[in-house]
Amino acid sequence: EQARSVEDLRQAAHQVDDSVKMLQRGGMRIEIISKLVSELNGQIFAKLWALLAPPELVQNSCLLVMGSEGRGEQILKTDQDNALLIRDGFEHPRLDSLALEFNAALAELGYPRCPGDIMLTNPLWRQPLAAFRETMRGWIHGSQPDGPMHLAIFFDAACVAGDATLLLEARAHLEKVLSGKDQYLARFAAAADQFHEPGNWFKRLTTKRDEQPRHLKKLGTFPIVHGVRALALQYGVREQGT
């Protein structure tokens, strides 16, 4: 709250990492640490956006965080996953440059750039609401292989600044389009197996010495997280946390 520059905010962002270490050493439960860190990170993102973006842009848009940050399950800093929904009819001449400044500043604060380009700098993730509705329709009815995963990324979205009703309207549209689409839900859920390895990798991990590296996120937590996503999508549950 006291930060008046990106440099001020950088100092606060680094203090969050120190707090995680202190709380973990003190025996605090991991889910409480995760919730606290997510709330602090959300405040950092909102403050950074307020430092960079003019008030009229903040008021006419919705800044989103996605992935583990949107689910409230992040602890240490991971790749950026962010987006911007814009009110239909609103335009700002510096939007492109502001997006570049925002993602660059987040990198300075210790949040690595997303290798998959899921950031404000990508026009796909910086759209007016009506255009984004059509984009989601394409993810559902189109044939592009990354459609289900893009939809999964958006499904984790949480508003950290601006007008949260834009996100609510996008979610309502998604639920309407998906109503009764069991075939698509099956395609969506199938992404949980995209990192499958032959054999029982968990048994090999726990019962004998095995020098081969295992990607625990892809093989272990991703199928759980995505499976819960698919069930939430099927039953209209809007809670983001796994």
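This report describes strand 2 and helix 6, together with the elements around them, in a predicted model.

Strand 2 (82–86) is mostly covered, five of its five residues being buried. Asn82, Leu84 and Ile86 point one way from the strand, whereas Ala83 and Leu85 point the other way, and all are buried. In a regular strand the side chains alternate between the two faces of the sheet. The pairing of strand 2 with two other strands is set out below.

| Partner of strand 2 | Sense | Bridges | Residues standing opposite |
|---|---|---|---|
| Strand 1 (residues 61–65) | antiparallel | five bridges | Ser61 and Ile86 |
| Strand 3 (126–128) | parallel | three bridges | Gln127 and Leu85 |

Strand 2 and strand 3 also belong, together with helix 5 (residues 95–108), to a right-handed β-α-β unit.

Helix 6 covers residues 129–141, and because 13 residues at 1.5 Å a residue should span 18 Å, the distance of 18 Å between its end C-alpha atoms agrees with the expected value. The buried residues in this helix are Leu129, Phe132, Thr135, Met136, Trp139 and Ile140. Seen down the helix axis, these buried residues of helix 6 fall within an arc of 140 degrees, and they therefore line one face of the helix. What do the buried residues of helix 6 pack against? Their partners are strand 2 and strand 3, as well as helix 7 (147–155), helix 8 (165–178) and helix 9 (182–189). Strand 2 thus appears in both parts of this description: it pairs with strand 3 in the parallel sense, and it is packed against by the buried residues of helix 6.

Technical notes. Residues numbered from 1 in each chain as written. Predicted model: local features only at pLDDT ≥ 70, side-chain atom pairs only at ≥ 80, totals over all residues. Heavy atoms only, no water. Helix = DSSP H or I, 4+ residues; strand = E, 2+ residues; numbered from the N terminus. Expected span 1.5 Å × (residues − 1). Buried < 20%, exposed > 50% of the residue type's maximum accessible area, 1.4 Å probe, protein only. Arc of directions from axis to C-beta. Contact = heavy atoms within 4.5 Å. Pairing = 2+ DSSP bridges. Right-handed = clockwise from strand over helix to strand, strands pointing away.
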